[in-house]
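Trainee: I am new to this one, and I would like to get to know it step by step. Could we look at it together?

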Amino acid sequence: MKLKQRVVLLAILLVIFIFTKVFLIDNLEASAANREDQRAFQRMLSGLRVALEPRLEHTLQSPWEIAAQWVVPREVYPEDTPELGAVMHAMSTKRIVKADVGYKGTQLKALLVLEGGQKVVFKPKRYARDYIVEGEPYAGYDRHNAEVAAFHLDRILGFRRAPLVVGRFVNLRTEIKPVATEQLLGTFMTVGNNTCFYGKCYYCRETEPACADGDIMEGSVTLWLPDVWPLQKHRHPWGRTYREGKLARWEYDESYCDAVKKTSPYDSGPRLLDIIDTAVFDYLIGNADRHHYESFQDDEGASMLILLDNAKSFGNPALDERSILAPLYQCCIIRVSTWNRLNYLKNGVLKSALKTAMSHDPISPVLSDPHLDALDQRLLSILATVKQCTDQFGPEVVLVEDRMTLSHL
């Protein structure tokens, strides 16, 4: 064999060797990542049951200090939270020292300060568990139980981007009125034998109060994020117009995602993938009302999209609003870790896991069975949507590796 032929042959062999090595390394790395996803899923399942009890591991710290230390740019709480039950117990039982009207918004809520100075947002019960909210997918009052269910779904999906939420019963006459501000107190009334209030908000009306059962009102409390983490509000790129006859661009432009990818903060960093995760989350819970979202201030797109205000969810189990998934089916990308987690939750696992996670909540049962069944059905629709994307573009384009090491030191 001539020297030139030998050189060419060696070059070919070298190229084959390099590509084989790269392929094997990539597959090994992918396999290792998938195995870690599987282990993380098993850890989540083993920690699903959260018994609400006052015992703290760190007895020199209050539950509020512990929860505040959990918050980092990419998580509200860590994967390993042995004191989650104690924090949630405090949220559902600590004495209320002040009650005021809720922060500005469209829906009725109250801002409570609990013993130790911790702020929480209280959302009152407006509907029975089996009530069906008809009309637009964002119709109706806020659903307090939806906040509870959404928080536990956030745990199950492994996002850990939703503030802590727990159900609570409050006595409006003995716990709220004695510590209420004049502004809140002025909205109290009696309807029949029930104590009611209508608060202050864009849609709050004296003719539409929230009423307790006698003096006892069921609701949810959401833990206020630490003041050292100020929030920045952003318009959701797939937000609705909320105006009849006027469509948002994403509703008629199939190439809309290409334009989004060219604008900050979606042109780099994790934000667009967070939008996709949020679309998956919102589709599962039936939330078509995320017209804005929050991140931590001055983050330049690096911090998480925080899953706040999930109460316009679980309104109608028979309604699967596919447009919620527009970021997913228009961009056709999704995190590998999210894809893996969704596949692990097939075959009834999601319904079972959520039911287990919510079983210790003070207002359990949190959801009716039709809503739990709807979750499993919607999960199949998400998986089918991703498969359509992979069939069209290939898994190497659709499934994006984006894992970050998160520090809670």
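Below, a trainee asks about this predicted model and a mentor answers.

Trainee: How many residues reach a pLDDT of 70 or more, as a percentage of the chain?
Mentor: Good place to begin, since this is a predicted model. The mean pLDDT of the chain is 91. A stretch where pLDDT stays under 50 is residues 18-26, and there the model has 0 contacts beyond four places in sequence. For the chain, the share of residues at 70 or more is 90%.

Trainee: Which helix gives the largest share of the largest nonpolar core?
Mentor: That core has 107 residues, and Met 91, Trp 238 and Leu 284 are among those with the most contacts inside it. The largest share is 9 residues, and they come from helix H8, residues 271-285.

Trainee: Which domains does this core draw at least three residues from?
Mentor: Nonpolar side chains tend to be buried together in soluble globular proteins. Here, the core takes at least three residues from each of two domains: domain 1 (63-223) and domain 2 (231-400).

Trainee: Is Gln 107 buried or exposed?
Mentor: The UniProt annotation "binding site", from an unreviewed entry, includes Gln 107. Gln 107 sits in the loop between strand E1 (96-101) and strand E2 (110-114). Beyond its neighbours within four places in sequence, its contacts include Tyr 141, Cys 201 and Lys 312. Because its relative accessibility is 10%, and the cut-off is under 20%, Gln 107 counts as buried.

Trainee: Which residue's side chain has a polar contact of 2.7 Å with that of Lys 123?
Mentor: Lys 123 is also covered by the "binding site" annotation in the unreviewed UniProt entry, and it lies in strand E3, residues 118-124. With a relative accessible area of 3%, Lys 123 is buried. Its contacts, leaving aside neighbours within four places in sequence, include His 144, Glu 147 and Asp 309. The side chain that makes the 2.7 Å polar contact with Lys 123 belongs to Glu 147.

Trainee: How many Å apart are Leu 172 and Asp 227, C-alpha to C-alpha?
Mentor: Leu 172 is in helix H5, residues 172-176, and it is buried, with a relative accessible area of 1%. Not counting residues up to four places away in sequence, Leu 172 touches several residues, including Phe 188, Phe 197 and Met 217. Leu 172 and Asp 227 are 55 residues apart in sequence, and their C-alpha to C-alpha distance is 28 Å.

Technical notes: Residues numbered from 1 in each chain as written. Predicted model: local features only at pLDDT ≥ 70, side-chain atom pairs only at ≥ 80, totals over all residues. Heavy atoms only, no water. Core = buried A, V, L, I, M, F, W, Y, C linked by side-chain atoms within 4.5 Å. Buried < 20%, exposed > 50% of the residue type's maximum accessible area, 1.4 Å probe, protein only. Helix = DSSP H or I, 4+ residues; strand = E, 2+ residues; numbered from the N terminus. Domains from an automatic or database assignment. UniProt positions renumbered as here; feature names shortened; annotations may be inferred. Contact = heavy atoms within 4.5 Å. Polar contact = N/O pair within 3.5 Å; in protein donor to acceptor, adjacent residues only side chain to side chain. pLDDT = per-residue confidence, 0-100.
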